[in-house]
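User: Hi! I'm new to this one, could you walk me through it?
Analyst: Happy to, let's have a look together.

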Amino acid sequence: MPGNALTPSLATYPVPKSGSSFDVIVIGGGVLGASFAATFGKQGKHVLMIERDLAEPDRIVGELLQPGGYNALKELGLADCLEGIDAIPTLGYGVIRGTEVVHIPYTTDPETGKPNEGRAFHYGRFIQKLRAAAAQTPNVTVVEATANEIMYDQDGVRATGVSCTTKKDGDAEGAVSSSISTEYMAPMVVIADGCFSKFRKQYINKTVEITSHFVGLIVKDVTLPFPSHGHVILATPSPILMYQISTTETRVLVDIPGKLPSASTGALRSYLETSILPQLPSAAQKPFLRALESERLRTMPNSFLPPSTSSELGIIVLGDAMNMRHPLTGGGMTVALNDVVYLRDFLKGDVMKDQEVTMVQMELFFWKRKELSAVINILAQALYALFSANDNNLLALRNGCFSYFQMGGECIRGPVGLLSGVSRSRSTLIYHFYCVAFHSIWLLFHNADSFAEFPLLFLRAISILWTACVVFLPVLWTECWA
């Protein structure tokens, strides 16, 4: 069910007059912006959500919601946004290395005794349902407009609102629409305008690092080794993701490190056909080739941005505008929805009417959110480094990781609990990462042809452990300061 059918009813009519006041203005109508607006509207706050384009977005990422995010969606009372969009339950992962496959099911919920579940879907359909939920919430106003700048008081210290350009459609059919400059007032402005944020540089002093690109396409009527599971293929030079997003469609995301081959010259399509196609499961190769011949190739940068806070009074920066990690583990929406759950409690009552009190609460929120976000951020960056191994030490760690999963039991329960957003233990993350490192070293000695190799292997073991620390500790450090 395409979300475009919902578009006419999303924007509030009539459009609020310039100078209208609200309790909070949200810039961006994505996962975080829409869920934030709906949640705080339910709390009685007068919320204005400004979204540049209310048409259904078309993206190749943000299509797999981990169990930790699904649980947060239910806690926010927004789980019905997954109804009517042909969402597919996800029950875990399959990791593929050549002809070997490891099944990694999600853990069991101790309260219900049932396995945890996530959902996979078309991103645009889900967003339209979230926006509709926000638009239908009392006290929420939705405006289709481009936010131009944040307004401040005469001293330039406190944010007072947003200046934006709204669309004004012609009265007659076929008339050309025009633009109107409008100002809206609020003591609190939430910036949630996504990975390509217009306002990030104004309030965040950390830079975005692009680690690779995803090339995405949809294959139809393919049977994967584990139905209703995400699949990670340990390909060369970096991983491939596959997961079902509707009854008949499966998303394929090919990670390409370094410079992206040109799509206009055909180099990208040629690379996918010659280098990627042979590494896919045999059942997926013909559907992939058909999609390659008929679909437009879509690309998306995979970025890393450590979390940070804004010290500006009246400004809150959230979502991908503030913090990003490699989407390999599908943790972005889980972090965003859980952030809204935390904010619901930290900013309840009349907190947002006082900018100083709000800033204090946001500092507490920043460290509280790390219970989950730090685990997902570190795991995503560390796993990507291992799965896109580009030297012998990283390759040894990648093989050690796969072998670790093959042992089953706690060797898969612990890691998948972290990946799914259900477990929030940083000590568990550290424990399993270094278990993988030492298991990789053990494999080195176990597979040696003779004891004569041991002296050199001891040096290699030190080198592997050093590489593991170089991968893990810098990302851990980014979570230890604001």
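Analyst: We'll talk about the cavities and then about a pair of helices, bearing in mind that this is a predicted model.

User: How many cavities of 30 Å³ or more are there?
Analyst: The count comes to two.

User: And how much space lies in the largest cavity?
Analyst: About 350 Å³. Its lining has 25 residues, and the closest to the centre are Leu379, Leu383, Cys401, Phe405 and Pro415.

User: Which element gives the largest share of that lining?
Analyst: That would be α9, with six residues. The elements giving two or more residues are β5 (92-97), α9 (370-387), α10 (392-406), α11 (410-419) and α12 (426-446).

User: What's the lining of the largest cavity like by class?
Analyst: There are 23 nonpolar and two polar residues, and no charged ones.

User: OK, what about the second largest cavity, what volume does it have?
Analyst: About 40 Å³. Among the residues that line this second cavity are Gly319, Asp320, Arg325, Asp339 and Arg369. By class, its lining has four charged, three polar and two nonpolar residues.

User: Switching topic: at what angle do α10 and α13 cross?
Analyst: Roughly 80°, and the axes of α10 and α13 (residues 454-478) come within 9 Å. The two helices are therefore roughly perpendicular to each other.

User: Which residues meet there?
Analyst: From α10, Asn392, Asn393, Leu394, Ala396 and Leu397 meet residues of α13 including Arg460, Ile464 and Val471. The residues of this contact divide into six nonpolar, four polar and one charged.

Definitions and conventions
Residues are numbered from 1 along each chain as its sequence is written. This is a predicted model: local features need pLDDT of at least 70, side-chain atom pairs count only at pLDDT 80 or more; totals for chains, interfaces and linings use all residues. Side-chain values use heavy atoms; hydrogens and water are left out. On a 1 Å grid over the protein atoms alone, a cavity is a set of points where a 1.4 Å probe fits but cannot get out, and a pocket is an open set with protein on both sides within 12 Å along at least five of seven lines; lining residues have an atom within 4 Å of a point. Grid points are joined across faces, edges and corners, and a volume is the space filled by probe spheres set on the points. Helices (H or I, at least four residues) and strands (E, at least two) are DSSP runs, numbered from the N terminus. Ala, Val, Leu, Ile, Met, Phe, Trp, Tyr, Cys and Pro count as nonpolar, Asp, Glu, Lys and Arg as charged, and the others, Gly among them, as polar. Axes are lines fitted to C-alpha atoms, for helices over the stretch in contact, and angles run from 0 to 180 degrees between N-to-C directions. Angles under 35 degrees count as roughly parallel, over 145 as roughly antiparallel, 65 to 115 as roughly perpendicular and the rest as oblique. Contact means heavy atoms within 4.5 Å.
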